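Student: I've just been handed a protein model I've never seen before. Can we walk through it together?
Tutor: Sure, open it up and ask away.

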Amino acid sequence: IRAFKILVDSGLALNLVLGGKKDPEYPEIPALIHELGLEKEIIMTDFLSEPDLIALFSGAEVFVFPSLSEGFGLPPLEAMALGVPVACSNITSLPEICGNAAQYFNPLDPKDMAKNLKNLIESQDLRQKLILKGQANLALFSFQRMALETLDIYKNIDII
């Protein structure tokens with residue numbers, strides 16, 4: 001949200017959609033939006049059905065994933081599958097999952113995040129390159145490949 005404020009203050013006309021179930025355990029999120037005066041620019045959804053999520057991804061100029069804790073990182077792959085360029089944290093498992101198919105930023109540094117997002121938003125060429133790299137990256141995570149590699153592990157287990 002703070003990085004988004006930097007982008008808006010730089011003159012970019014943007015909207016930010018925060019997708020996902022609203023959680024009353026985190027009142028600081030709507031409070032920060034209000035404090036920064038971004039109520040008209042930021043949309044907070046609630047739970048999204050799969051069709052709504054697909055529509056949201058498909059209409060996005062960029063998918064931003066500033067995760068601080070991630071086990072695997074499926075949402076960036078979902079965005080890549082729908083042809084959306086990805087910008088995400090340079091920590092956790094995300095660089096391993098996204099490879100060279102994402103624009104990375106430090107999720108703890110709003111200025112770094114804003115700089116990298118602005119670069120991506122303003123460069124149609126970079127967005128297109130990331131979309132193409134994202135499509136190639138998806139091949140690393142197919143269910144067929146997972147099944148074949150799992151089968152190979154089972155075949156190579158020595159049973160006593």
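What follows is a chat about this predicted model, going from the overall layout down to single residues.

Student: Let's start broad. How many helices and strands does the protein chain have, and in what order do they run?
Tutor: The secondary structure comes to eight helices and five strands. Going from the N terminus on, the order of the elements is α-β-α-β-α-β-α-β-α-β-α-α-α.

Student: What size of box do the C-alpha atoms fill?
Tutor: The box is taken along the principal axes of the protein chain. Its sides come to roughly 65 × 40 × 30 Å.

Student: And what percentage of the residues count as buried?
Tutor: A residue counts as buried when its relative accessible area is under 20%. The protein chain has 160 residues, and the buried part comes to 32%.

Student: How much area does the chain expose, and what share of that do carbon and sulfur atoms supply?
Tutor: The exposed area of the protein chain is about 10200 Å². Carbon and sulfur atoms supply 59% of it.

Student: Now the inside. Which residues touch the most other members of the largest nonpolar core?
Tutor: In soluble globular proteins, nonpolar side chains tend to be buried together. Here the largest nonpolar core has 21 residues, and the ones touching the most other members are Leu7, Leu117 and Ile121.

Student: Which element gives the largest share of this core?
Tutor: Two or more residues come from each of helix 1 (2-9), helix 2 (28-35), helix 6 (110-122) and helix 7 (124-138). The largest share is five residues, and it comes from helix 6.

Student: What is Leu117 in contact with, leaving aside its neighbours within four places in sequence?
Tutor: Contact here takes heavy atoms within 4.5 Å. With those neighbours left aside, the partners of Leu117 are Leu7, Val62, Val64 and Ala87.

Student: How many residues are in the other core that lies apart from it?
Tutor: That other core includes Ala79, Met80, Ile97 and Ala101. In full, its count of residues is 14.

Student: On to charges. How many salt bridges does a search of the whole structure find?
Tutor: Side chains of opposite charge can pair when their charged atoms come close. One such pair is Asp125 and Lys129, at 3.3 Å from N to O, and both lie in helix 7, four residues apart. Searching the whole structure gives a total of five.

Student: Asp9 forms a salt bridge with Lys5. Which of these two is exposed and which is partly exposed?
Tutor: Both lie in helix 1, about one turn of the helix apart, and their closest N and O atoms are 3.3 Å apart. Exposed means over 50% relative accessible area. Lys5 has 23%, so Lys5 is partly exposed; Asp9 has 53%, so the exposed one is Asp9.

Student: How far apart in sequence are the parts that Glu61 and Arg127 tie together?
Tutor: These two form a salt bridge, with 3.6 Å between the closest N and O atoms. Glu61 lies in the loop between helix 3 (50-58) and strand 3, while Arg127 lies in helix 7, so the parts they tie together are apart in sequence by 66 residues.

Student: Is Arg127 buried or exposed?
Tutor: Its partner Glu61 is partly exposed, at 43% relative accessible area. Arg127 has a polar side-chain atom 3.1 Å from the backbone oxygen of Leu120, and its contacts beyond four places in sequence include Val62, Pro85 and Ile121. Its relative accessibility is 10%, so Arg127 counts as buried.

Student: Where is Ser67, and which side chain does its own side chain make a polar contact with?
Tutor: Ser67 sits in the loop between strand 3 (63-65) and helix 4 (74-81). It counts as buried because its relative accessibility is 11%. The Ser67 side chain reaches the backbone oxygen of Ser69 at 3.1 Å, and at 2.7 Å it makes a polar contact with the side chain of Glu70.

Student: Last one, back outside. Which residues form a nonpolar patch on the surface?
Tutor: One member, Val17, lies in strand 1 (residues 16-18), and Val17 counts as partly exposed because its relative accessibility is 33%. Together the members have about 210 Å² of accessible area, and they are Val17, Ile43 and Leu56.

Terms used. Residues numbered from 1 in each chain as written. Predicted model: local features only at pLDDT ≥ 70, side-chain atom pairs only at ≥ 80, totals over all residues. Heavy atoms only, no water. Buried < 20%, exposed > 50% of the residue type's maximum accessible area, 1.4 Å probe, protein only. Polar contact = N/O pair within 3.5 Å; in protein donor to acceptor, adjacent residues only side chain to side chain. Core = buried A, V, L, I, M, F, W, Y, C linked by side-chain atoms within 4.5 Å. Salt bridge = Lys/Arg side-chain N within 4 Å of Asp/Glu carboxyl O. Patch = residues over 30% accessible without salt bridge, like charges linked within 9 Å, V, L, I, M, F, W, Y side chains within 5 Å. Areas by Shrake-Rupley, 256 points an atom, 1.4 Å probe, with all protein chains shown as cover.
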